[in-house]
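Have a look at the model below before reading on. The notes after it go from the whole chain down to a few residues.

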Amino acid sequence: MNKKFDRLAAIIFLITGITFIIESRSIAAAAYGSVVGPNVFPFILGCALSLLSCRLFYETFSYKGQEKEAVQYNYKQFFIILASAILYALLLEKIGFIISSFLFLIVAIQTMERGNWIKSLSISLGYSLIIYFIFVDVLKGTLPVWSIWF
């Protein structure tokens, strides 16, 4: 645990949470007579993020002195996952949620833990299909299904 980093992260998350709270107030309050409107989730998310960041900031005061240790950062893994996340966002509507989520998760899982392709394939496929089913069939939302070629 790095006291300086945690305090900076707490402040950034607090600003982000407050921004969510403020901006959620500009979203329509109710949709089609429903009590719960589209502004509720961002508001709750902003409140939770703000409270958790305050707790993180408070906990930094109880950090004991720590020894300097050499930290080895995995820049290669970070940039691979960052690039795949950007491609995921760009290709989501073009190739669909299921395919793009499946490919993103394969890349992310294999980047973090090489090998065991069967485990990676099953987690990626299961996540993509289950999340699609829950969001579309249970919650009655919409997601891009397949690519424009189908």
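What follows is a short tour of this predicted model.

## The overall picture

The fold is helical throughout its regular secondary structure: the protein has five helices and zero strands, giving the pattern α-α-α-α-α when read along the sequence. Of its 150 residues, 21% count as buried. About 11600 Å² of the protein is exposed, and 72% of that area comes from carbon and sulfur atoms.

How much of the contact set links residues 24 or more positions apart? Such pairs make up 57% of the contacts in the protein with a separation of 6 or more.

## How far to trust it

Mean pLDDT for the protein is 83, and 83% of the residues reach 70 or more. Confidence is lowest in helix 5, with a mean of 87, and highest in helix 4, with 91. As a general caution, predicted coordinates should not be read in detail where pLDDT is low.

## Helix 2 and its two sides

Helix 2 covers residues 40-59, and its length checks out: at 1.5 Å a residue, its 20 residues should span 28 Å, and the end C-alpha atoms are 29 Å apart, which agrees.

Which residues of helix 2 are buried? They are Pro42, Gly46, Ser50 and Ser53. Looking down the helix axis, you find these buried residues within an arc of 75 degrees, so they line one face of helix 2. Their packing partner is helix 1 (3-24).

Now turn helix 2 around. The face turned away from the buried side carries the exposed residues Phe41, Ile44, Leu51, Leu52, Arg55 and Tyr58.

## Two serines where helices 4 and 5 meet

Serine 101 sits in helix 4, and serine 128 sits in helix 5 (residues 117-138). Is each one buried or exposed? Serine 101 counts as buried because its relative accessibility is 1%, and serine 128 counts as buried because its value is 0%; the cut-off for buried is under 20%.

The two serines touch each other. Leaving aside neighbours within four places in sequence, serine 101 is in contact with Tyr88, Tyr127 and Ser128. With residues up to four places away again not counted, serine 128 touches Phe97, Ile98, Ser101 and Phe102.

What do their side chains reach? For serine 101, the side chain reaches the backbone oxygen of phenylalanine 97 at 2.8 Å. For serine 128, the side chain reaches the backbone oxygen of serine 124 at 2.9 Å. One more distance for serine 101: its C-alpha atom is separated by 9.6 Å from that of alanine 89, twelve residues apart along the chain.

## An odd phi before helix 5

Asparagine 116 lies in the loop between helix 4 (97-112) and helix 5. What stands out is its backbone: phi of asparagine 116 is near 45 degrees, a positive value in a residue other than glycine. Most residues other than glycine have a negative phi.

Asparagine 116 is neither buried nor fully out in the open: it counts as partly exposed because its relative accessibility is 47%, and partly exposed runs between the cut-offs of 20% and 50%.

Key:
Residues numbered from 1 in each chain as written. Predicted model: local features only at pLDDT ≥ 70, side-chain atom pairs only at ≥ 80, totals over all residues. Heavy atoms only, no water. Helix = DSSP H or I, 4+ residues; strand = E, 2+ residues; numbered from the N terminus. Buried < 20%, exposed > 50% of the residue type's maximum accessible area, 1.4 Å probe, protein only. Polar contact = N/O pair within 3.5 Å; in protein donor to acceptor, adjacent residues only side chain to side chain. Contact = heavy atoms within 4.5 Å. Areas by Shrake-Rupley, 256 points an atom, 1.4 Å probe, with all protein chains shown as cover. Expected span 1.5 Å × (residues − 1). Arc of directions from axis to C-beta. pLDDT = per-residue confidence, 0-100.
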